[in-house]
Amino acid sequence: MSVTDDRRDRRRFTSTVLGPRSAPEPTPLGHGVVRGVVVDASSGVLCLAVPGGEERLAYDHTTSFWRGGEVGPGGLRTGDDAVVLGAPGGRPAAERVWAQAARATGVIVDRGTDTLEIDPGHGRPRLTVVIPQRSSGRISVRHPRLEPGYVFDAVGVWSEGAVWASRPATAQPPHPLAATPHRPPAHRYASTLRGTATWYDPAWGRSPHLDPGARVDGVAYPALDPVGHDAACDRRAPCVPLPLLSVGAAVSLRNDCTREAAVLPVLDCAAADSWLCDLCPACGGRGAGRIASLTMNGFVALGGRLEDGCFDATVTVHDGEG
């Protein structure tokens with residue numbers, strides 16, 4: 001049985017036992033976002049290799065391109081992993097393009113001259129992060145302690161199997177992870193949560209052709225129920241009191257900056273999000289604490305900019321979850 005089939009069966013069982021409102025169907029988001037491999041980006045047309053063929057999207061002077069920083073269409077390279085936000089109205093045109101986008105969130109476990117080794121938690125493979133000279137000043141302003149034990153979170157690009165950091169995604173906590181102030185456990189939980197939504201890449205930089213996770217819509221959640229889940233989900237008491245949820249649960253998530261919303265399934269653990277109690281400066285910074293981490297496609301579909309790393313969000317947990 002596939003993971004998708006398993007989630008569908010869980011949703012059907014929950015709906016049967018607790019009623020249809022407890023397990024709404026996820027919102028399809030694929031119509032507005034395309035992820036594929038760059039074949040060509042010349043003559044006003046971006047050609048992407050996608051499963052089943054090619055997709056061609058027109059671009060013009062209003063289209064923005066990002067590859068670790070703002071670039072022109074000539075800054076894209078054949079073979080780049082690209083996430084494309086389509087133009088409004090369903091036209092086959094690109095509004096914004098991100099190439100080789102990467103993120104490294106976790107705790108520093110080792111440091112070299114210009115590299116870091118990051119443990120993202122939840123038993124995931126460690127990441128090598130390169131901090132190039134051109135980015136070191138910007139990174140050090142918000143991450144002054146690039147030492148083992150401290151939390152790190154930056155956005156950049158994939159290159160040769162490493163994340164080349166271009167900008168910090170948050171301000172680093174002033175203490176090592178092990179010295180995080182104790183937060184007393186909550187005994188009551190609200191069904192409506194307000195805080196920050198971030199993003200992650202479920203394909204970990206692998207080609208969209210090779211990893212079906214590259215095209216998944218959903219969220220990783222900082223407070224998975226330990227019953228029936230991998231104990232490696234190394235969560236702490238989060239900044240926002242969060243009810244426990246299981247993989248396969250459905251939540252409604254709204255981007256409070258753009259008001260776009262969707263019902264999304266819980267796919268995975270977002271352990272590192274429980275290690276931070278930060279604000280999102282992208283659209284006002286109204287709520288501290290991370291409440292969900294969307295897949296790249298879902299984050300872009302709901303109005304997020306990958307280079308910003310976050311947006312203010314409201315999550316509604318449906319009856320029967322938690």
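Here is a walk through the structure, from its overall make-up to its sheet, its salt bridges and two unusual backbone angles.

Keep in mind that this is a predicted model. The protein has three helices alongside 18 strands. Of its 322 residues, 51% are buried. If you count contacts with a separation of 6 or more, 66% of them are between residues 24 or more positions apart. On the outside, the accessible surface adds up to about 14500 Å², and carbon and sulfur atoms take 52% of that.

A good place to start is the open sheet of seven strands. Reading across it, the order is β3-β2-β1-β6-β7-β4-β5, and the pairing is mixed. At the edges you find β3 (53-58) and β5 (70-71); each has a single partner strand, so one side of each goes without a neighbour in the sheet. Further in, β6 (residues 81-86) runs antiparallel to β7, and five bridges join the two. For a landmark there, look for V84, whose bridge partner in β7 is V97.

Now for the charged side chains. Side chains of opposite charge can pair when their charged atoms come close. In this model there are 16 salt bridges. One of them is between R35 and D201, at 3.1 Å from N to O. This pair spans distant parts of the chain, with R35 in strand β1 and D201 in the loop between β13 (192-200) and β14 (219-221), 166 residues apart. Buried or exposed, where does R35 stand? R35 has 3% relative accessibility, so it counts as buried. D201 is buried too, with a relative accessible area of 8%.

Another salt bridge brings D153 together with R103, and here the closest N and O atoms are 3.0 Å apart. Again distant parts of the chain are linked: D153 belongs to strand β11 (residues 151-159) and R103 to strand β8, with their positions 50 residues apart. Both D153 and R103 are buried.

The side chains of D278 and R290 also form a salt bridge, at 2.8 Å from N to O. D278 sits in the loop between β16 (261-269) and β17 (290-295), while R290 is in strand β17, so the pair ties together parts that are 12 residues apart in sequence. D278 and R290 are both buried. Besides pairs like these, there is a network of salt bridges, which links E70, R96, R305, E307 and D308.

Last, have a look at the backbone. Most residues other than glycine have a negative phi. S43 is not a glycine, yet its phi is positive, at about 60°. You will find S43 in the loop between β1 (33-42) and β2 (45-50). S43 has a relative accessible area of 74%, so it counts as exposed.

Q100 is also a residue other than glycine with a positive phi, near 60°. Its place is the loop between β7 (94-99) and β8 (101-111). Is Q100 buried or exposed? With a relative accessible area of 14%, Q100 is buried, whereas S43 is exposed.

Note on methods: Residues numbered from 1 in each chain as written. Predicted model: local features only at pLDDT ≥ 70, side-chain atom pairs only at ≥ 80, totals over all residues. Heavy atoms only, no water. Helix = DSSP H or I, 4+ residues; strand = E, 2+ residues; numbered from the N terminus. Buried < 20%, exposed > 50% of the residue type's maximum accessible area, 1.4 Å probe, protein only. Contact = heavy atoms within 4.5 Å. Areas by Shrake-Rupley, 256 points an atom, 1.4 Å probe, with all protein chains shown as cover. Pairing = 2+ DSSP bridges. Salt bridge = Lys/Arg side-chain N within 4 Å of Asp/Glu carboxyl O.
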